[in-house]
Amino acid sequence: MTNSSKDPSGGGPDGAATPIATGSRSGRRPLQIGKGWVQAAGLVFLTGFFVVVLMGYLTYQSSPPIPQRVVSTSGQPVFTGQDVRAGQDVFLRNGLMEYGSIFGHGAYLGPDFTADYLHRSADLVRAGYGAAGSDTAAQRTRTDFKTNRYDPTTGVLTFSDAQTAAFATLTAHYAEFFASPAGKTGLRPAAITDPTQIRQLTSYFAWSAWASAADRPGSDYSYTNNWPSEPLVGNAPSAHVVLWSVLSLIALLGGTGALFAAFGRWDWLGWHGRDQHELRFREPQRVRLTASQRATAWFFLTMTVLFLIQTLVGAASEHYRADLGSFFGLPLDHWLPYNLVRTWHVQLSLFWVSTSFLAAGVFLVPMITGRRDVKGQHLLTYTLLGALALVVVGSLLGELAGMRGAFGRAWSWLGMQGFEYLDLGKLWQLLLTVGMIFWVVILWRGLRKRLRAESRANLPWLFFFAALALPVVYATGLLARHDSGYTVTDFWRFMVVHLWVEDFLELFTTVMVAYIFVLLGVVREKVALRVIFLDIVLYSAGGVIGTAHHWYFNGEPAAVLGLGAFFSAFEVIPLTFLTVEAWSFIRLGARQEARSASDFPHRWAVMFLVAVGFWNFVGAGIFGFLINLPIVSYYEIGTALTANHAHAAMMGVYGMLAVGFAVFALRYLVPKDSWSDRLASISFWSLNVGLAWMVFVTLLPLGILQLYHAVDVGYYDARTLAYVGNRTNTLLEWLRLPGDVLFIVGGVGPLLWLAVRGALHRGRHHDLPDQDDQHLFTEVQHLEPAEASAAGSITGAAT
Amino acid sequence: MTFEAAFMIGYANVLLLIALGLHRLGRVNTSPWSSRALAGHQRRHSDDAPHDGSPPGDMGPDHDLPAWPHGEPRRLHTGIAMIAATAAMVLVVAAMVRHHATAEVLLLTATGVAAGALVARLGNALRTAESLAIHARQRVRRQRH
Ligand code: HEM
């Protein structure tokens, strides 16, 4: 046998780098796969978005009205629409959505204030109507709450006298709760003391409780599809909740079967079994990095530091669940109350993951183009890092100051905007969007020449489009405004929390991972392209419309519940499926590695991808679907089972990916003698074991117990501080400690060490060959002996 | 029996089943030449099937591991399964400290012993997988030279 060395840039089928053999009249390299893929993806994508726009229209049309005035039967004013809006501001500004929840959405330590107000007021009303056990009293209470006495022509909502009296009593109750100087609630002691603000806050809770019980006009269920479960007012799962749960299950089973059958029938990805090419992987330290690539070392260091801080504030917020009293004797709630550390924990998770993704994008560009940086690229990269640091530090400090009442009328711009996951002030949110656009510009500058030579559905363009989609979709979150009705704000909030995270980050990730494999030579470009288009089809079919699984009970009409339940079931299919698929994807790499004459340098980056596959299946697929049926979500929303899914999916998938990207790049940035596979291995196992411990020892059992309690005793009760801090729960919370310590010390620690080495050295490898080469492998073509002797050059290369 | 003890026993047993399930899942061979998802592909290119020592169907405990990284999901699954079984053991021990009724002690002990046995078995499986992985890597190196 013989071998002939081939430069992968030479216009080969993989198009890993320049120069490119163009084959079309436009001078662009033609599309590498059938047009059908592009058309199918476009069609599914557009259909999905058409339905999302339709749901947006329904949101604006059918969300629960905020009355102009609420009066008692005897005509006394109770509160106004202005109070409700101002109450929402008080709620957001003080970070209460990061303490408890409203309509089931928010944090899980404090109560759900909708259910809390509903239960307490119903209890007071019934007590006012007669002794406990009196059927008449129970019936009158139900009638008071279920009858919709809102008059849309006058904008007046009428409360019964008993409801009015309950409002006054509960205003006093919340005054005591929020102004308590003793603390012990997780909030800052005396967090809200102003009586006007307390009244406004109570009005907000009262309005949400009204919407959750009063029948929607023309229906026999409430604006929230009868959520929360509350026997006192006759709130039980509506027929829609049950019906769409059954249909959702059928969609999952039928969809999975259909997809497996279809996949088994056709040779979708068009592989060829034998590959006669042997790869020689370039040692990472033999790859000459550009200045912009070297600048990313600081991004990865920043990422790791943010990751460390995120886990530390996470540990602090966990401590509140284990012991509300104090932090080993220290009154932590004076300085770092639960809602602040929880806000930082959630915000930092998005920040560190994004930092890694931004850096990985910049790092990849020169590898894609095979060229040196365009002028000034590294300066722009450093500017991006500066902007990112400004947004991170500014927004976190803004949240701290905002919760303490700073910034006056500019609170929502500079301080705590307060929507869970979109907690950062609007100015910071805007700057972050601009920063991402700036990042896209950096990518564009680097890719420009390459893009000019490519069909718009080839890998370089897909990489660019997937990146461009990130600021565009994130920007929709700017439409969540503190002065809009809750249902409308939630519509826009989930454009970021769901659509941006689960669909567009997923798309960007698939493109990045596929491209990295192509650049490493282990996957053919055509296969990678097909996987990406398949991903777009499968994720768009479920994920886009499936956003509505977050809107079952927040005031959206039943049609949205149905669409959400049905289509989100399809979201699970690619998770079970693409993980199977992903292995096969890597499999190609494996065969190449077995044949390669040099070690595969990215063992640990690939291991993090293996973990992504695992957690995608367990965390997103199993734990996600566990809480996805409307009938489960009805009792489960805002409980520890959500936290169980959120951690396993968010850390398990995007966290592991972000770390995987960092390990990939650090392999080039850290000198050979400072790189340690052992440290990467310790980090890998500690992160995975720590996450599994957290899930199996604490979050899953806590969630099962809380779900049982919500069904057995009531949702309101399952969300009280007394329930959350009971003996069994406390034991489970404390048992989590060893896993958390391992996660932080063994998982983040070694990563930080490698990132520091990367930042100190920044890929300045000595004794590099003169040529400026970004190719990560060379391909050696094997010829059968007969062919080789015909060519007259047998050199006896090893196979 | 108290609710807490009953829950701990029930949940610990569920964890043991989860551990067994994860370990089993890790034995599924992810090679494109045996993955059910790619049956169409396999039929078309059956002549091309590589002979790289990758066993068809599931990987049995005594089978050789397929080429890297296809042994790694197995190790990860078994590793996490071991964590689930260890978690069951720890929960049972914690419950034993609190609950001392005869029925509780008996059931907790039985679950604890089952968990311990599973941890030991998974530990063995993990060690075997690890040595197979090392062996596979050495084989690749030998092939290269
Ligand atoms: C990698 C993919 C995924 C990630 C990163 C992810 C992440 C999250 C996060 C962070 C939350 C918490 C939101 C909150 O507290 O308001 C959440 C909630 C939820 N997720 Fe996912 N998820 C993923 C996939 C899925 C899938 C596939 C399903 C099922 C089809 C699903 C179903 C749900 C449901 C129903 C909720 C709402 C729970 C509640 O509001 O209490 N997720 N997800």
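Start at the ligand: 25 residues surround it, and the ones that come nearest are A:Tyr108, A:Glu502, A:Gly638, A:Thr642 and A:His645. Keep in mind that this is a predicted model. If you sort the shell around the ligand by class, you get 13 nonpolar, eight polar and four charged residues.

Now look at who touches the ligand's oxygen atoms. A:Thr642 has a side-chain N or O atom 2.6 Å from an oxygen atom of the ligand. For A:Tyr108, a polar side-chain atom lies 2.9 Å from a ligand oxygen, and for A:Glu420 the distance from a side-chain N or O atom to an oxygen of the ligand is 3.1 Å. While you're at A:Tyr108, check the face of its ring too: A:Arg342 lies over it, 5.0 Å from the ring centre.

Which helices of chain A each supply at least two residues of the shell? They are H17 (558-595), H18 (603-626) and H20 (640-669). H20(A) gives the most, with seven residues.

From here, let's turn to the aromatic rings. Over all chains, a search of the whole structure turns up 56 aromatic pairs. One to look at is A:Phe566 with A:Phe570: the ring centres are 5.5 Å apart and the planes stand at 80 degrees, over the 60 degrees that edge-to-face calls for, so the pair is edge-to-face. Both residues belong to helix H17 of chain A, and they are four residues apart, about one turn of the helix. Are these two buried, exposed or partly exposed? A:Phe566 counts as partly exposed because its relative accessibility is 28%, and A:Phe570, at 22%, is partly exposed as well.

Over in chain B, B:Phe7 and B:Tyr11 make an aromatic pair that is stacked, with 5.8 Å centre to centre and 5 degrees between the planes. These two sit in helix H1 (residues 3-25) of chain B, and because they are four residues apart, about one helical turn separates them. B:Phe7 has 12% relative accessibility, so it counts as buried. B:Tyr11 is buried too, with a relative accessible area of 4%.

Back in chain A, some rings gather into a group. A:Phe91, A:Phe103, A:Phe113, A:Tyr174, A:Phe177, A:Phe178, A:Tyr204, A:Phe205, A:Trp207 and A:Tyr486 form one aromatic cluster. Last stop: find A:Arg93, whose charged end sits over the ring of A:Trp411, 5.5 Å from the ring's centre.

Terms used
Residues are numbered from 1 along each chain as its sequence is written. Chains are lettered from A and ligands numbered from 1 in the order in which they are written. This is a predicted model: local features need pLDDT of at least 70, side-chain atom pairs count only at pLDDT 80 or more; totals for chains, interfaces and linings use all residues. Side-chain values use heavy atoms; hydrogens and water are left out. A residue is near a molecule or strand if one of its heavy atoms lies within 4 Å of it. A polar contact is a pair of N or O atoms within 3.5 Å; within protein, one must be able to donate a hydrogen and the other to accept it, and residues adjacent in sequence count only if both atoms are side-chain atoms. Ala, Val, Leu, Ile, Met, Phe, Trp, Tyr, Cys and Pro count as nonpolar, Asp, Glu, Lys and Arg as charged, and the others, Gly among them, as polar. Rings of Phe, Tyr and Trp (its six-membered ring) pair if their centres lie within 6.5 Å; planes under 30 degrees apart count as stacked, over 60 as edge-to-face and the rest as tilted. Buried means under 20% relative accessible area, exposed over 50%, partly exposed in between (1.4 Å probe, protein chains only). A charge sits over a ring if NZ of Lys or CZ of Arg is within 6 Å of the ring centre and within 35 degrees of the ring normal.
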